[in-house]
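Dear colleague,

Please find the structure below, handed over for your own inspection. My notes on what was found in it follow.

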Amino acid sequence: KEGRRLLACDEGWFGAADTSDPFVEIHVGDPTSITPSNVAGLSKTPTIKESLDPVWKGFDDHHRSFVPQSDVLAKHLILRVYDEDMFGLGKEVMGQVAIPLSKIQPFGSD
């Protein structure tokens, strides 16, 4: 839902503070080799312009996705944070975290 003290990837102009335009891509797959062919893209947050402490509001229940039981033991939930480049023409990786799906409690279970 939020990021804190993210890396400043964009240099501020005319004395403005350095900042970033972060967004997160959410995948299921192998964290050691993320390519379009070996991960399932689940979702992407909106880009938050000029923020090192972004909050992605309204990005909750409607972004849940089904993961086949066969993938749970072998795959990871991968959250990769990017800085969107000017005019949305590119992106650069700011960081990522990979959580084994087997460690995540299913929705609705106690």
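**Asp21 and its surroundings**

From the side chain of Asp21, a polar contact (N or O atoms within 3.5 Å, one able to donate a hydrogen and the other to accept it; residues adjacent in sequence count only if both atoms are side-chain atoms) runs to the backbone nitrogen of Glu50 at 2.7 Å. This is a predicted model, in which local features need pLDDT of at least 70 and side-chain atom pairs count only at pLDDT 80 or more, while totals for chains, interfaces and linings use all residues. Residues are numbered from 1 along each chain as its sequence is written, and side-chain values use heavy atoms, with hydrogens and water left out.

Asp21 lies in the segment before β1 (22-29), strands being DSSP runs of E with at least two residues, numbered from the N terminus. Asp21 is buried (under 20% relative accessible area, 1.4 Å probe, protein chains only) yet has no salt bridge, that is, no side-chain nitrogen of Lys or Arg within 4 Å of its carboxyl oxygens; the nearest side chain of opposite charge, Lys49, is 4.6 Å away.

Val81, in strand β3 (residues 76-84), counts as buried because its relative accessibility is 18%. Leaving aside residues up to four places away in sequence, Val81 touches (heavy atoms within 4.5 Å) residues including Phe23, Val93 and Met94. Val81 and Phe23 are 58 residues apart in sequence, with 5.8 Å between their C-alpha atoms.

As for confidence, the chain averages a pLDDT (the predictor's confidence in each residue, from 0 to 100) of 79, and 71% of the residues score at least 70.

With regards

Note on methods:
Helix = DSSP H or I, 4+ residues; strand = E, 2+ residues; numbered from the N terminus. Buried < 20%, exposed > 50% of the residue type's maximum accessible area, 1.4 Å probe, protein only. Lys, Arg positive; Asp, Glu negative; His and termini not counted.
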